[in-house]
Amino acid sequence: MNFLDGKELAVIGDPIEHSLSPVIQQAMLDELGVCCTYGRILVRAGETAQWLQKAEQGKLAGFNATMPHKSDLVPLMDTLSEDARMYSSVNTVVLHDGKRHGFNTDGEGFLRSLLDEGMDPAEKTIAVLGAGGAARSVVLKLASCRAAKITVLCRTPAKANGLVHASTAIHVAGMNRTDMEKTLAQADLLVNCTPLGMDGVSARFDGFSFLDALPASAFVCDVIYRPLKTRLLAEAEQRGHHVMNGLGMLIHQAILSIEHFSGQKLDTVTMKNAIQKRLMPVLQEK
Ligand code: NAP
C-alpha cells in the first residue's frame, strides 16, 4: 500500500486561496491512484511553529509551503535537504516517523524546465532580474550547475549580498539601463525573477529596449506563469529569442514534491500530462 493512502496533504500560506498547488498535486495523486486528499490551509505569518505542532497530531503526511512560511520553516525541521539548506528556504515538508523533513524543490524545478528546453546552464553567462525568493533558488541552483557567470540585476543590491558570498560566479548590478545593457550584451540566458508582468501586479517594466542588447542566440525565461506569455516573453519572441515561461518550473517543483511525499520516483512525462490536463483550463480562464 502506498505510504500516502488514507493520508492528507496540503499547502500552507497567507494568502492561500489562489494557490494552484491543490489542482496540480491532486492531478498527480489521482493519476497514481492514491487515496489522499490535498487541501489549502491558511496559516498566518508568525504562526508557522504553532500550526506545525498541531498539524503533527492529525493525518497530514506532509505539506507544501508558500509565502510567508518558507524561511520560518527552516529552523523547525529535524532534517534539511542540501537545496533547502543552500536557499535557507523550505517549500516541502514530509512528516514521517515523528520527524519533520524539509526540502526545497524550486531551484531543481527551474533547472529541469530549462533542460527540457535544451538549455544547459553549465559554462553559460546568465543575467537574472530580481533578488527575492525565486531569484535566490534560481541563482544558487544555476551556480551549483557550473554557470560561468551569473549577474543579479536588482533595484535593492543589498538584498543580493548573501548571494554574492555564496559563489565567485555570482555578481550584482543595478536594474538600470546602463547596467542592464552592459550585462545583457554578454548573456546567453536572461531570467526574470521579479513579479513585473504578472497578472494582478500593477508595476511594469518601463520599456523593453534593454532586450536589444541581448545577442540573437540568447534564451529568455520568465518564472511567471500567469499570464502564460508575459509582455517580456512576447517582446523577446518578436526579437527572435527562444523563450520559456514559469509553467515548467511550477510543474517540475510539484512533481519533485510528490516524490518526496510518496518516497517514490515518478514518471515525469505521465505526471506532466496529468497536471497539464487539469491545470490548463484553470490558467486559461480569465
Ligand atoms: P519576492 O521574494 O517578493 O521578490 C521579488 C523581487 O522582484 C525582489 O528582488 C524585488 O525587488 C523585485 N521587484 C519587485 N517589484 C519590482 C519593481 N517594480 N522593479 C524592480 N524590481 C522589483 O518574490 P518571489 O517569491 O521571488 O517571486 C517573484 C516572481 O516569481 C513572482 O511572480 C512569482 O509568482 C514567481 N515564482 C514562480 C515560481 C514558479 O514555479 N514558476 C516559483 C516561485 C516564484 P526589491 O527587493 O527591491 O523589492
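**View 1. Helix H9 is mostly covered, with 14 of its 16 residues buried.** Buried means under 20% relative accessible area, exposed over 50%, and partly exposed in between (1.4 Å probe, protein chains only). The model is predicted: local features need pLDDT of at least 70, side-chain atom pairs count only at pLDDT 80 or more, and totals for chains, interfaces and linings use all residues. Residues are numbered from 1 along each chain as its sequence is written, and side-chain values use heavy atoms, leaving out hydrogens and water. H9 covers residues 247-262 and reaches 23 Å from its first C-alpha to its last. That is close to the 22 Å expected at 1.5 Å a residue; the expected span is 1.5 Å times one less than the number of residues. Gly-263, just after H9, takes a positive phi of about 70 degrees. Helices (H or I, at least four residues) and strands (E, at least two) are DSSP runs, numbered from the N terminus.

**View 2. Strand S8 is largely enclosed by the rest of the structure, because five of its six residues are buried.** S8 spans residues 149-154. Strand S7 (residues 125-129) pairs with S8 in the parallel sense, over five bridges. Two strands pair if DSSP finds at least two bridges between them. Thr-125 stands opposite Lys-149 in S8. From S7 the chain crosses through helix H5 (residues 133-144) to S8, in a right-handed β-α-β crossover. Right-handed means that, with the strands pointing away from the viewer, the path from the first strand over the helix to the second runs clockwise.

**View 3. S8 also runs parallel to strand S9.** Five bridges join S8 to S9, which covers residues 170-174. Ile-150 stands opposite Ile-170 in S9. Helix H6 (residues 161-166) completes a right-handed β-α-β unit with S8 and S9.

**View 4. The chain as a setting for the close-ups has 10 helices and 12 strands.** Its radius of gyration is 19 Å, which agrees with the value near 19 Å for a compact globule of 286 residues. The radius is taken over C-alpha atoms, and the globule rule is 2.2 Å times the number of residues to the power 0.38. The C-alpha atoms fill a box of roughly 55 × 40 × 35 Å along the principal axes. Buried residues make up 51% of the 286 residues. Of the contacts with a separation of 6 or more, 65% join residues 24 or more positions apart; contact means heavy atoms within 4.5 Å.
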